[in-house]
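Welcome to my notebook. I went through this structure step by step and jotted down what I looked up along the way.

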Amino acid sequence: MEWFGDLESEVQQLGLTEKKQHDLSRIRKTLSTNLDDVNINEVGPLYLEFMTAISLIYSLNNAILAKKCEDLFSEYLPQEKALTG
């Protein structure tokens, strides 16, 4: 899945890999599930895993956006020292 590779690369470029490693691993594991081998008893738990993965992807995208905003606007915002000094 090329889009997930792009997401992982972006997380790495922004220095979020260590913080988000567990989420990336869980998403990768879920997306690698072979749906051809799933039996009817596994559908419920598998559904929950995919919903969790979707939530984690959403969370990663939010973390990426927050980091990009911080990086972009920190240049224009006063530093904490200036506020206390």
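**Entry 1: Charges**

I began with the charges: the protein carries 8 positive and 14 negative ones, and their mean positions lie 7 Å apart. I should say right away that I am working with a predicted model.

**Entry 2: Overall layout**

Next I asked myself how many helices and strands the protein has. I found four helices and zero strands. Reading along the sequence, I wrote down the pattern α-α-α-α.

Then I turned to the dimensions. The C-alpha trace spans about 65 × 25 × 15 Å along the principal axes of the protein. I also looked up the radius of gyration, which is 18 Å for the protein, whereas a compact globule of 85 residues would have one near 12 Å.

**Entry 3: Surface and contacts**

I looked up the accessible surface and noted about 6,700 Å² for the protein. Carbon and sulfur atoms account for 56% of that surface. Of the 85 residues, 20% are buried.

For the contacts, I kept to those with a separation of 6 or more. Among these, 65% are between residues 24 or more positions apart.

**Entry 4: Gln 12 in the helix α1**

I then went residue by residue, starting with Gln 12. This residue sits in helix α1, which covers residues 2-13. Is Gln 12 buried or exposed? Gln 12 counts as exposed because its relative accessibility is 57%, and the cut-off for exposed is over 50%.

I also checked a distance from here. Asn 61 is 49 residues away from Gln 12 along the chain, and their C-alpha atoms are 13 Å apart.

**Entry 5: Two residues of helix α2**

Helix α2 gave me two stops, Lys 19 and Thr 30. Lys 19 has a relative accessible area of 66%, so I put it down as exposed. From Lys 19 to Leu 72 I counted 53 residues along the chain, with 20 Å between the C-alpha atoms.

Thr 30 is another story. Its relative accessibility is 4%, and buried means under 20%, so Thr 30 counts as buried. Which residues does Thr 30 touch, leaving out those up to four places away in sequence? I noted Glu 49, Phe 50 and Ala 53. These three were worth finding in the viewer.

**Entry 6: Asn 34 in the loop**

Where is Asn 34 placed? I found Asn 34 in the loop between α2, residues 17-31, and α3, residues 43-73. Asn 34 counts as partly exposed because its relative accessibility is 40%, and partly exposed lies between the 20% and 50% cut-offs.

I took a look at the side chain too. The side chain of Asn 34 reaches the backbone nitrogen of Asp 36 at 3.0 Å. I then tried a pair with Val 11: Asn 34 and Val 11 are 23 residues apart along the chain, and 26 Å separates their C-alpha atoms.

**Entry 7: Asn 62 in helix α3**

My last stop was Asn 62, which lies in helix α3. With a relative accessible area of 37%, Asn 62 is partly exposed. I paired Asn 62 with Ser 25, which is 37 residues away in sequence, and noted 18 Å from C-alpha to C-alpha.

Notes. Residues are numbered from 1 along each chain as its sequence is written. This is a predicted model: local features need pLDDT of at least 70, side-chain atom pairs count only at pLDDT 80 or more; totals for chains, interfaces and linings use all residues. Side-chain values use heavy atoms; hydrogens and water are left out. The radius of gyration is taken over C-alpha atoms; the globule rule is 2.2 Å times the number of residues to the power 0.38. Buried means under 20% relative accessible area, exposed over 50%, partly exposed in between (1.4 Å probe, protein chains only). Contact means heavy atoms within 4.5 Å. Accessible areas come from the Shrake-Rupley method with a 1.4 Å probe; for residues, only the protein chains shown count as cover. Lys and Arg count as positive and Asp and Glu as negative; His and the chain ends are not counted. The place of a charge is taken as NZ of Lys, CZ of Arg, CG of Asp or CD of Glu. A polar contact is a pair of N or O atoms within 3.5 Å; within protein, one must be able to donate a hydrogen and the other to accept it, and residues adjacent in sequence count only if both atoms are side-chain atoms.
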